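Visitor: I should like to take a close look at a single part of this model. Please treat it as one connected account.

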Amino acid sequence: MEKELLQEESQVAMIVLIAILVVLLMGIALVLFFFLSRKKIIQTALEKTNLELSYQKELLHATIQTQEKERKRIAQDLHDAISAKLTVISLTTNVLIDRTPPDFEDANDMLCHILEVTTQTLDSSRTLAHNLLPPILENFGLVAAVEEVCDAFINSQQVAITYKTVYNGYLSKEEELHLFRIIQELLNNSVRHGKATYIALDIMEDQEQLYVAYVDNGKGFDTTNTAVKKGIGLKNIETRVAILQGTFSFYSQLSEGFQCTIYINKQPQHTHEKKLHSISYG
Amino acid sequence: MPLIKYLIYTGHILLLFNTLCYAKALHKNKAFVVFLIFLIFSSITLSSMMFIAFYLHQNNLYMNTIFLIGQFILLSIFYHSLLKQRIIHYLGGITLCVLTYQYIRDPSLMMKYNPIGISITQILLISYAIVYFYKSLQLQRPTLIIVNVGIFLYLICSTLIFASGNLVFAIDIPFKLYDLLFKANAIMYIVFQILVSVEWKKNYYKKSRRLL
């Protein structure tokens with residue numbers, strides 16, 4: 001009897017010991033689980049940061065590339081359209097000065113030539129300035145500028161464009177310039193690379209966001225081909241949309257045309273933050 | 001000398017060593033300071049307990065009660081400084097009221113193991129430790145996380161050991177078994193102190209050396 005009781009009691013103590021062992025094992029499992037989860041979470045966060053960083057780098061790279069391309073274009077335009085013509089004027093003037101006594105008829109021809117070249121140079125410089133910053137955008141706003149650029153494309157007889165703009169001047173001047181450049185880039189791409197014959201452009205605005213929808217019937221392209229993407233300036237558009245703190249999505253397939261949408265949210269902090277951006281990019 | 005005494009002495013020496021190390025590497029961090037106070041408190045009470053038990057050969061269970069209450073108060077403050085949750089203060093206050101009521105109603109409880117008191121205080125501390133684990137998932141460099149692992153593992157085992165303390169004493173079980181329970185507790189205490197040392201070595205050792 002006493003032996004049985006003793007056995008029962010030692011069983012109780014054994015149960016306590018086993019319980020302690022089980023609880024300890026569970027505790028260790030919990031600690032291991034915690035450390036492994038932590039490792040995984042940190043790794044995921046690190047990967048995310050790296051991805052963001054590489055995206056930022058890519059954007060920066062694209063911005064610098066675009067800037068360099070633009071400089072090259074301006075230099076080329078200045079050289080071809082202005083410097084060359086000014087050289088002609090300078091040469092003709094020298095001939096006029098050197099010829100003594102002047103032959104009146106000859107001199108008159110030369111002066112007419114100088115006038116003609118001067119007028120051409122003036123036109124060229126005006127076009128150049130216009131391309132750099134369209135005065136209509138500065139003076140009459142985005143809607144008028146979009147109308148002008150669309151009309152210019154329509155008048156070239158290469159493409160038919162239907163456009164609709166519902167916009168009440170929510171964006172700042174600098175932001176309007178970014179949006180205008182995006183539209184210009186899209187139209188240029190459609191005509192130059194896509195050989196589109198029809199384009200539809202909608203700029204809509206409601207209380208929450210500004211929305212741009214763009215569709216063309218051009219050749220389209222393979223969206224997985226990064227070289228094509230970079231070549232047609234989509235990175236440039238992405239950069240500008242990022243500056244506007246908007247979202248940009250596009251769809252294209254070979255021989256299926258190109259379509260894209262841009263959303264720009266109207267948030268209270270939006271204007272201030274973007275102003276900072278526009279200072280650095282403007 | 002029996003093995004249990006060796007284990008208790010080892011745990012105690014480690015505790016004294018950690019107290020000195022943490023005192024030397026003193027940080028302005030509130031949680032660190034509270035933990036250092038906890039180490040000092042543990043050193044004093046555990047030294048007194050050993051002195052009473054091994055040299056005066058008297059019952060030291062009332063010291064155990066003091067240690068458990070002090071541990072609860074200090075670790076609650078420690079977790080409050082880590083978790084910044086006011087509820088820890090409220091829960092601590094309520095628990096202390098319950099314990100005070102228990103000891104006023106039955107003062108003889110001071111000389112016994114108090115399974116309910118021990119369970120409530122330790123389970124609360126274990127819960128704080130788990131919440132801190134969860135919180136530190138998001139933190140890049142959580143403060144005293146290895147110490148938290150030590151507290152967590154030691155408390156979950158010691159809760160069961162202390163809570164079953166009265167049971168073990170009440171029934172006449174073979175000496176071998178309850179000796180095993182106390183050995184398990186002493187080993188867990190050594191593990192706890194080793195983890196506290198690891199924390200010091202990993203995060204505070206070089207800093208204190210640089211100060212020298």
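Visitor: How many C-beta neighbours does Q245(A) have inside 10 Å, and how is its exposure classed?

Guide: This is a predicted model, in which local features need pLDDT of at least 70, side-chain atom pairs count only at pLDDT 80 or more, and totals for chains, interfaces and linings use all residues. Residues are numbered from 1 along each chain as its sequence is written, and chains are lettered from A and ligands numbered from 1 in the order in which they are written.

Q245(A) counts as partly exposed because it has 15 C-beta neighbours inside 10 Å; with C-beta atoms placed from the backbone, 20 or more others within 10 Å make a residue buried, 12 or fewer make it exposed, and partly exposed lies in between. Q245(A) is not a glycine, yet its phi is positive, near 55 degrees. Most residues other than glycine have a negative phi.

Q245(A) sits in the loop that links helix 7 (234-243) to strand 4 of chain A; helices (H or I, at least four residues) and strands (E, at least two) are DSSP runs, numbered from the N terminus. Strand 4 belongs to an open, mixed sheet of five strands in chain A, ordered 1-2-3-5-4. Strand 4 (246-252) and strand 1 (160-165) are the edge strands, each pairing on one side only, where pairing requires at least two DSSP bridges.

Within the sheet, strand 2 (residues 198-205) and strand 3 (residues 209-216) of chain A run antiparallel and are joined by seven bridges. Here M204(A) stands opposite Y211(A) of strand 3.
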